[in-house]
Number of protein chains: 2
Amino acid sequence: MKYSASKENYIKAIFHLQQEPEQESVTTNALAEALHTKPASVTDMLKKLKTQKLLQYEKYRGVKLTPEGKKLAVQIVRKHRLWEYFLVEKLQFGWEEVHDIAEELEHISSKKLIDRLDAFLDFPRADPHGDPIPDVNGKMPSLQQSAVSEMPVNSSGTVNGISDQSADMLELLKHKNIQLGTKLEVKKKFEVDGSVEIKIRNQQPVNISEHVAKNLLVAYDNKNK
Amino acid sequence: MKYSASKENYIKAIFHLQQEPEQESVTTNALAEALHTKPASVTDMLKKLKTQKLLQYEKYRGVKLTPEGKKLAVQIVRKHRLWEYFLVEKLQFGWEEVHDIAEELEHISSKKLIDRLDAFLDFPRADPHGDPIPDVNGKMPSLQQSAVSEMPVNSSGTVNGISDQSADMLELLKHKNIQLGTKLEVKKKFEVDGSVEIKIRNQQPVNISEHVAKNLLVAYDNKNK
DNA sequence: TTTTATTTTTAGATTTGTCTAAATTTTAAT
DNA sequence: ATTAAAATTTAGACAAATCTAAAAATAAAA
């Protein structure tokens, strides 16, 4: 079955909103906001998606994906994240630039394309933002991921994401030579201000502030590149 | 300026039909056929594209791209062919499978993406079908390309395209171990039946029929991978 | 528990791209 | 030079996805 880009966007948005804890059913207004559209448009579309069995919807009662809808959502997320990984890893894009492009690429329909891309990229487990990439069967890898601030002294890991994607943050990281895939080791943690001293291979140890340490995500289990 | 996938398809189709020799202006029916749509729809669209200054159109008089329209067309062709090259070269697709996927990918809007892709692929000059890929500025490389049948004895070149894309032909080539990028040398030419004996590195010389020789295209000048 | 405010839905329009059927224009043929 | 055939355009409709404004339902507040 093939769905329009617009429908896929609705399914994806519902999926993401559903993830939020204790967020059983998704509200019309929330969807409208997420999709930069108007509540009336959302109602219209929900009715269409319901007839396609992608979601459960009772008027005024909010919406929930059916298993089928969820399956579709996961496939879209898979595409989105694989393309993001490709853009950063192979085409040298910055983490911050890839979202919008992936937003378009995720609607390319060929399943074979995406599976081949997956293999070409050597089956990455997380995208450049540190979010897990579902495998061919839609299974999400359980990432052993944590912020640098949570790591014990002398432990090491590989940068695989960053939660604060602000320009300032990226600027700082670039300056400190930290990027996706950078292997680092925690040398010292300062309780006073929450700052952390880290060492990157072949470089002098550097100090990062609490803010940075909390927003720099590291994988310490998976061979994520 | 951004145009819908549909509009881009019209522009591309007109561009290709225009290429045909002595084909000054393109006809409504020809366009309808090329786009698998109805003449009435074409008329409607031409009126819209005219107001956007992409083409010259007088009713009943056929249509021609303006310089602006041509520029757009070339950009689309560039995208299409680069993606095809990517699919074959990096994702191991067969020549015959890539067209439809590239047909979708060519509408992804980011110019930066396509320029990065170009660099990543090392600026290929021809797509898997042997058609030239326009460069960043829209300039078509002049390919020194010819059919194997036209090559002098003892000359060599690299397979960069094939005109007969039939399943049978591809089957035969696969069997003979000939693929995109294969380097070959012409050993002998038989006038009787037009067949040619060629040698591929590390292999015994093989004989190909006149038909194959005429449809197997080889680059003997450009470093086309 | 009324009343008020918020959320959601309906009704009716709009835009884009398409279609069929009928009318018009051009081209080809007698 | 007419007439017949082919190509093209117009007119009117339709599906998808969106919108605004108004109505209805639910939730919150007095």
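Begin by selecting DNA strand D together with α1 (5–19) and α3 (39–51) of chain A and α2 (28–34) and α3 (39–51) of chain B, since each of these helices supplies at least two residues of the surface near the strand. Helices here are DSSP runs (H or I, at least four residues), numbered from the N terminus, with strands taken as E runs of at least two. The model is predicted, with local features needing pLDDT of at least 70 and side-chain atom pairs counting only at pLDDT 80 or more, while totals for chains, interfaces and linings use all residues. Residues are numbered from 1 along each chain as its sequence is written, and chains are lettered from A and ligands numbered from 1 in the order in which they are written.

With strand D still selected, show the 20 residues that surround it, of which A:S4, A:A40, A:S41, B:N29 and B:A40 are the closest; a residue counts as near a strand or molecule if its C-beta atom, placed from the backbone, lies within 6 Å of it. The largest share of this surface, five residues, comes from α3(A). Coloured by class, the surface near DNA strand D divides into six nonpolar, nine polar and five charged residues, where Ala, Val, Leu, Ile, Met, Phe, Trp, Tyr, Cys and Pro count as nonpolar, Asp, Glu, Lys and Arg as charged, and the others, Gly among them, as polar.

Next, select DNA strand C, around which there are 19 residues, with A:N29, A:A40, B:S4, B:A40 and B:S41 coming nearest. Here α2 (28–34) and α3 of chain A, together with α1 (5–19) and α3 of chain B, each supply at least two residues of the surface, and α3(B) gives the most, with five residues. The surface near DNA strand C divides into six nonpolar, eight polar and five charged residues.

Now hide the DNA and turn to the contact between the chains, which takes 14 residues from chain B and 14 residues from chain A; two residues are in contact if their C-beta atoms, placed from the backbone, lie within 7 Å. On the chain B side, α5 (98–105) and α6 (111–120) each supply at least two residues, and α6(B) gives the most, with four residues. By class, that side of chain B has eight nonpolar, three polar and three charged residues.

To see how the copies are related, superpose chain B on chain A, which takes a rotation of 180 degrees with 0.0 Å of shift along its axis and gives an RMSD of 0.1 Å, the fit being by least squares on the C-alpha atoms of residues with pLDDT of at least 70 in both. The two copies are thus related as by a two-fold rotation axis. In chain B, the C-alpha nearest this axis belongs to B:L105, 3.8 Å from it.

B:L105 also takes part in the next stop, where B:K79, B:H80, B:W83, B:E84, B:L87 and B:V88 in α4(B) meet B:V98, B:I101, B:A102 and B:L105 in α5(B). This contact has seven nonpolar, one polar and two charged residues.

Finish in chain A by selecting α4(A) and α6(A), where A:R78, A:K79, A:L82 and A:F86 in α4(A) meet A:I114, A:L117 and A:D118 in α6(A). The residues of this contact divide into four nonpolar, no polar and three charged.
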